[in-house]
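Biologist: Can you walk me through this one? I'd like to start with a single helix and then look at how the chains meet.

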Amino acid sequence: MPTDSPNAQVISLSSKRLVTDVPAPNGGDAVLRDVLSGGPFDGAVTGFVLSCLPDSEAPVLWVSCRMSRRENGRLYGPALRQFGFKGHVLRVEVSHPRDVFWAMEEGAACAGLSAVVGEIHGAPEVLSFTATKRLALRSEASEVPVWLIRSGDHGALSAARERWRVSSLPSEVHPWNRAAPGHPLWEADLFRARGRAPGVWDARHEPAARWAKDRLRLLSRSGDGPVAQDHSPATELARG
Amino acid sequence: MVLSEQGTHGPVIYALSAEARRRGIVEGTRVVDVQAIHLDLHVERSDAEGDRKLLDRVAIWARRWCPWTVRDGMDGVTMDITGAAHLFGGEARMLRDMGARFKMQGLSARLAVAPTRGAAQMLARHGGGGVICGPDDLAVAVAPLPVAALRINADTVRLLQRLGLKTLGALMEVPRVALMRRFDRVAEEFNPLVLLDRALGRTADPLNAPEDAVRWLARVRLAEPVIDPVPHLDALAADLCRQMAKAELGARRLRLTIYRVDGEWRSREVALASASREAAHLVRLMAGKLEGIDPGFGFDLLTLEALRVEPLALHQDHLDGARDAGKDVAALLDRLTAKLGPEKVTWSAWCQSHVPERVEGRMATLAGAPEAVIEVARERPLRLLEPTEEIVVLYAVPEGPPARFRWRRVSYLTARYEGPERVSPEWWRDRPGTRLRDYYKVEVGDGRRFWIYREGILGDGRGGDPRWFVQGIFA
């Protein structure tokens with residue numbers, strides 16, 4: 001411990017890192033999770049959900065309604081492999097949100113699936129508290145994680161165990177080309193959760209991680225700007 | 001009108017209509033030769049496999065008259081009507097009935113009755129129509145027929161004709177020993193002596209009829225007509241599953257038919273992703289399909305039939321009674337497909353192409369297992385807009401994507417971009433005049449990343465100014 005000199009006082013900064021990792025949601029947990037889209041036409045939600053899905057041979061049931069496909073496009077298979085997702089996707093493309101819920105409930109009751117993902121655009125009437133409660137109970141009974149992607153919705157009442165709002169952040173600096181967008185960064189806002197504290201984090205997808213639960217990395221946001229190596233928002237650099 | 005088949009030197013005529021025959025066309029001539037003479041000739045390819053299948057079905061259908069029927073060659077049906085003719089009021093009336101019913105089916109038939117199979121087929125093909133030949137006049141009836149009627153091969157026919165034996169009568173007059181010595185090397189099915197013996201009943205010629213196809217069918221007859229089929233489904237499915245369990249089979253396709261009191265019938269079909277004989281699962285699938293089935297004034301007979309069955313052995317998956325995951329998924333596919341329709345529940349099917357929207361297609365889940373994913377070398381967006389949407393360029397720059405553009409009534413400022421990646425039109429698929437595309441990955445101010453492309457380049461001679469489109473959204 002350095003002693004105080006007569007002229008000045010030596011203070012030591014805390015050895016604690018300013019930026020810390022927070023455990024990402026364990027995608028294997030069989031609960032219902034809501035993911036709201038922070039803005040329109042934002043691919044961040046899809047990326048966030050995909051990086052949380054468990055590693056499994058079993059297929060993922062991906063249900064979407066017509067409005068969601070029109071607004072945000074349909075899931076594009078060739079990109080899934082590049083994104084690090086290895087399973088098969090069983091697509092159910094229906095027109096009405098009512099059928100989305102029906103298919104999701106059927107899927108949530110089927111233990112042979114690795115996960116169920118549903119997409120709904122807007123806030124249709126069928127997206128009620130009761131409907132989400134049923135889905136949550138089914139998911140917990142059969143141990144299938146269920147994700148509900150809601151776009152164009154401000155977050156009506158829901159029985160989901162975790163509720164996230166995800167939006168894009170300016171991406172990281174591209175390693176070779178400063179003018180090009182780099183690795184995607186998202187802002188993940190957990191605004192309601194059971195069993196963990198809510199918070200806002202920077203989320204990053206790690207496709208090379210060995211275990212599925214490490215694929216999504218949540219970094220706490222420090223108020224002091226870019227201090228740590230792994231927290232270098234491209235905003236600053238892009239601006240500068 | 002003629003049918004053609006592939007010959008050694010191009011297509012030859014295989015079968016022809018009455019009109020074509022009247023014009024003097026014969027089987028076996030080359031189609032090009034005939035077409036040169038008859039310019040208005042209509043030629044169709046023959047479908048031997050289809051003909052054979054049809055004839056097999058006709059043979060089974062013909063069991064309405066007698067229990068043993070079999071397809072005979074590619075153009076006949078043999079029926080063993082022993083002990084069955086009296087049910088139709090004698091052979092003559094039975095033949096009339098057959099003629100009438102074949103005519104109702106749209107088929108013309110030449111019929112003959114004879115004590116032996118060989119004689120009957122010869123009389124039907126070469127003896128004119130409607131011949132009824134008793135055991136006493138058998139030899140007399142076949143005597144005037146040509147030797148080719150025996151269906152011996154062409155070499156033997158030629159040999160016999162060279163010997164002056166043109167009819168069966170002539171052949172019968174030749175001493176047996178001479179024929180036996182002459183044809184002792186010829187295979188049994190072409191040996192004229194053996195065939196003649198069979199036709200005249202000197203040797204046995206039994207009919208080897210295929211067994212009736214088993215129908216997996218459960219039915220419920222009701223004392224009073226009812227309107228709602230659902231309460232009877234359990235009993236039907238249990239009965240059907242019991243039958244299939246005995247044979248270790250599972251159903252892949254089911255049909256429920258209701259027979260209404262006004263004589264009409266209505267049916268519903270469901271398909272299954274994997275063979276199953278779980279009564280509860282079948283009932284659940286069927287019950288979802290019965291909405292909107294019109295019961296009229298009620299129905300008094302229901303049948304549940306397994307149209308397609310597959311072997312399904314009994315096996316225990318887990319000692320602790322846990323559910324089998326694969327079976328669960330198959331049952332889920334059945335339920336989803338039965339309710340939403342096969343085109344809505346899909347796996348991805350892949351196609352080798354550079355055009356992004358062509359790479360991924362859809363395949364109904366009941367059609368098969370998912371294929372392995374195609375690797376695409378360049379980065380692709382997670383979401384693809386279908387159809388692509390045009391954007392309005394507000395501030396174009398000479399190189400790269402527009403610095404400012406409007407899409408869906410919001411204007412965006414390009415912060416960073418990557419590209420271009422050029423995708424040329426596929427000349428073997430696209431229409432002529434299709435323009436190339438230059439793709440850019442564009443990040444706008446707030447961090448959203450879009451995949452936009454410019455269609456064509458200025459002065460490529462395929463239209464006016466290039467246009468810009470959004471096709472995808474990156475994570």
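Modeller: Sure. This is a predicted model. Start with α4(B): the face turned away from its buried side carries exposed R93(B), A100(B), K103(B) and M104(B).

Biologist: And which residues in α4(B) are buried?

Modeller: M94(B), L95(B) and M98(B). Looking down the axis of α4(B), the buried residues fall within an arc of 100 degrees, so they line one face of the helix. As a rule, an α-helix has 3.6 residues a turn, so residues three or four places apart point the same way.

Biologist: What covers the buried residues of α4(B)?

Modeller: The cover includes two strands of chain B, β6 (112–113) and β7 (131–132).

Biologist: How many residues does α4 of chain B have, and how far does it reach?

Modeller: It has 14 residues, 91–104. First C-alpha to last is 20 Å, close to the 20 Å expected at 1.5 Å a residue.

Biologist: What follows α4(B)?

Modeller: G106(B), with a positive phi near 85 degrees.

Biologist: Switching to the other chain. How do α4 of chain A and α13 of chain B cross?

Modeller: Their axes come within 10 Å and cross at roughly 165 degrees. Anything over 145 counts as roughly antiparallel, and α4(A) and α13(B) are therefore roughly antiparallel to each other.

Biologist: Is that crossing left-handed or right-handed?

Modeller: The crossing of α4(A) and α13(B) is right-handed.

Biologist: Which residues meet there?

Modeller: From α4(A), D99(A), A103(A), E106(A) and G107(A). They meet L332(B), R335(B), L336(B) and L340(B) in α13(B).

Notes: Residues numbered from 1 in each chain as written. Chains lettered and ligands numbered in written order. Predicted model: local features only at pLDDT ≥ 70, side-chain atom pairs only at ≥ 80, totals over all residues. Helix = DSSP H or I, 4+ residues; strand = E, 2+ residues; numbered from the N terminus. Expected span 1.5 Å × (residues − 1). Buried ≥ 20, exposed ≤ 12 C-beta atoms within 10 Å, placed from the backbone. Arc of directions from axis to C-beta. Contact = placed C-beta atoms within 7 Å. Axes fitted to C-alpha atoms, helices over the stretch in contact; angles between N-to-C directions. Parallel < 35°, antiparallel > 145°, perpendicular 65-115°, else oblique. Left-handed = near helix turned anticlockwise from the far one by under 90°.
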